[in-house]
Amino acid sequence: MKTITRMDLTDGAPSMWPPRHAVITGASSGVGRAMAIQLSARDVRLSLAGRDEGRLGEVAFACRGRGAKVDLIAVDVRDRAGMGKAMLEAHGRQPVDLLIANAGVSGGTDGDARAIIGINISGMLNTVEPLIEPMIARGEGQIAIMSSLAGFKSFPNAPLYCASKAAVRSYGEALDARLRARGVAVSVLCPGFMKTPLTDANDFPMPFMVSAEEGARRLLAGIRKRKSRIAFPWPVYATVRLLEFLPAGWSASILARSAGKRSYKE
């Protein structure tokens, strides 16, 4: 696939698509797997990170079958030193055009707080921060950070998960405001329900759920346009934004009706 250089109409910064080198964490399943496969093409390099080496190898095989060159990163995102080393090594092999910090876990009211915060927040920081300065030095690059529509309003069935995704969203939006003028665009990914192993553990209604493949397609379409926030589906997005602005007592009463949630670790 030919690499196309164009000027993005929203900020005037150069955008390379498809990325010549993309790094994706949480690539062994779900939407991370789907994004890796959809980005795969000849002349594209992928550095894929995940904790399940067996599943990660299967993803790599599928990506190589589409012409991509694939490197595997077997490091826990909570390992700050290990991730810093891995990210800089990946950038050293070939400059990173697109970094997708996707690794995450979900958990209900009984979820492991240290795992949720450690992976969803610290793991994201361990992934993103090592590549900020190298991207600034090049004056180009894109960072995509996986938040969620749950990051706009905390739900009683998953308070830790919602809190972690709210932190991710806040960090990503502030980072975008700081870096975009320097050529590095940051997209905060705020999808609704997608059919993945995480949502398979949910025991409550999940309206407007899409497949991991469709979710990946929508997310990558937004990343390609260098959007600061990519949120869908719009009915759920509109609902959580409305809950944000309702009086606290009203929204608490509505949210109290939601069901429980089991935990799942990716």
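Axes here are lines fitted to C-alpha atoms, for helices over the stretch in contact, and angles run from 0 to 180 degrees between N-to-C directions. Helices (H or I, at least four residues) and strands (E, at least two) are DSSP runs, numbered from the N terminus.

The model is predicted: local features need pLDDT of at least 70, side-chain atom pairs count only at pLDDT 80 or more, and totals for chains, interfaces and linings use all residues. Residues are numbered from 1 along each chain as its sequence is written, and side-chain values use heavy atoms, with hydrogens and water left out.

**Exercise 1. Describe how helices H4 and H5 pack, and which residues meet.**

Step 1. Two packed helices are described by the angle between their axes and the distance between the axes. For H4 (residues 113–138) and H5 (residues 159–179), the angle is about 10 degrees and the axes are 9 Å apart.

Step 2. H4 is therefore roughly parallel to H5 (angles under 35 degrees count as roughly parallel, over 145 as roughly antiparallel, 65 to 115 as roughly perpendicular and the rest as oblique).

Step 3. Now look for contacts, meaning heavy atoms within 4.5 Å. On the H4 side, the residues include Ile117, Ile121 and Val128, while those of H5 include Leu160, Val168 and Tyr171.

Step 4. Sorted by class, this contact has 16 nonpolar, two polar and two charged residues. Ala, Val, Leu, Ile, Met, Phe, Trp, Tyr, Cys and Pro count as nonpolar, Asp, Glu, Lys and Arg as charged, and the others, Gly among them, as polar.

**Exercise 2. Work out the strand order of the sheet and follow its pairings.**

Step 1. Two strands pair if DSSP finds at least two bridges between them. The result is an open sheet of seven strands, ordered S5-S4-S3-S6-S7-S8-S11, with parallel pairing.

Step 2. Strands S5 (69–73) and S11 (229–232) are the edges, each pairing on one side only. On average, neighbouring strands are turned by 15 degrees against each other, direction ignored.

Step 3. Start with S4 (residues 45–49), joined to S5 by five bridges; here alanine 49 has isoleucine 73 as its bridge partner. Helix H2 (residues 53–65) packs on the sheet, touches S4 and S5, and makes about 165 degrees with the direction of S5.

Step 4. Move on to S6, which pairs with S3 over three bridges, with alanine 22 opposite leucine 98. Four bridges join S6 to S7, and alanine 101 is partnered there by isoleucine 145.

Step 5. Check the faces of S6: Leu98 and Ile100 on one side, and Leu99 and Ala101 on the other, are all buried (under 20% relative accessible area; exposed is over 50%, partly exposed in between; 1.4 Å probe, protein chains only).

**Exercise 3. Is serine 47 buried or exposed, and what does its side chain join?**

Step 1. Serine 47 belongs to strand S4. Its relative accessible area is 0%, so serine 47 is buried.

Step 2. Its side chain makes a polar contact of 2.8 Å with that of histidine 21. A polar contact is a pair of N or O atoms within 3.5 Å; within protein, one must be able to donate a hydrogen and the other to accept it, and residues adjacent in sequence count only if both atoms are side-chain atoms.

Step 3. Not counting residues up to four places away in sequence, the residues touched by serine 47 include Val23, Asp71 and Arg93.
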